[in-house]
Amino acid sequence: MTVERRIYAYRCRSCGTAHYPFRMRCRGCGNLEFFEFDAEPLPTAGTLLTFTHVHNLPAEYEVERLGLGVVELEGGMRVTGQIDIDRPELGMPVSGSVEVVRHEPYEDYWGLVFREG
Ligand SMILES: [Zn+2]
């Protein structure tokens, strides 16, 4: 059985502003209390706003080049993630999943990967 991993946004109970990654202080109202945030799964569908490709990566990435993009998710939150798209175009619809993005000897690192669609 595989458990689908999700990445969570943190929504301020006072003003409703959602944050990703987690921040200790609300951008909307300055709320500082950890318990005043609710975790909720990020939407997976969004629009590609901008992207770049990084070459000459450290060996643990196991790829020649890495696409990085900024995606506006449904609901308006903007996140950064890897993109796995042959010919990315600004404004194209993408969907994200949580995957291992980097292997190191004793640990796998998970992150957001976006694909077309
Ligand atoms: Zn707030």
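**Eight strands, two domains**

Trainee: Two bridges join β2 to which strand?
Mentor: The two run antiparallel, and strands here are DSSP runs (E, at least two residues) numbered from the N terminus, with helices being H or I runs of at least four. The partner covers residues 8–12 and is β1.

Trainee: Before we go on, how are residues numbered, and what pLDDT do local features need?
Mentor: Residues count from 1 along each chain as its sequence is written. This is a predicted model, with side-chain atom pairs counted only at pLDDT 80 or more and totals for chains, interfaces and linings using all residues, while local features need pLDDT of at least 70.

Trainee: In β2, which residue is the bridge partner of Y10?
Mentor: β1 and β2 count as paired, since DSSP has to find at least two bridges between strands and there are two here. Across from Y10 sits H19.

Trainee: Why do β2 and β3 each have one side left without a neighbour in the sheet?
Mentor: Three strands make an open, antiparallel sheet in the order β2-β1-β3. β2 (18–19) and β3 (37–41) are left open on one side because each stands at an edge with a single partner strand.

Trainee: How far apart are the C-alpha centres of domain 1 and domain 2?
Mentor: The bounds come from an automatic or database domain assignment, which puts domain 1 at 8–41 and domain 2 at 45–116. Their C-alpha centres are separated by 24 Å.

Trainee: What is the strand order of the closed barrel?
Mentor: Five strands build it, with mixed pairing. One of the pairs is β4 (residues 45–55) with β5 (residues 65–73), antiparallel and joined by nine bridges; T47 there has E72 as its bridge partner in β5. The full order is β4-β5-β6-β8-β7.

Trainee: Which strand supplies the largest share of the largest nonpolar core?
Mentor: A core here is a set of buried Ala, Val, Leu, Ile, Met, Phe, Trp, Tyr and Cys residues joined through C-beta atoms within 7 Å, where buried means 20 or more other C-beta atoms within 10 Å (12 or fewer is exposed, in between is partly exposed, C-beta atoms placed from the backbone). This one has eight residues: L48, V71, L73, I83, V94, L112, V113 and F114. β5 and β8 (107–116) each give at least two. The largest share, three residues, comes from β8.

Trainee: What does F114 touch, leaving out residues up to four places away in sequence?
Mentor: Contact means C-beta atoms, placed from the backbone, within 7 Å. F114 belongs to the core just described, and its contacts are G69, V71, G81, I83, V94, S95 and G96.

Notes:
Two residues are in contact if their C-beta atoms, placed from the backbone, lie within 7 Å.
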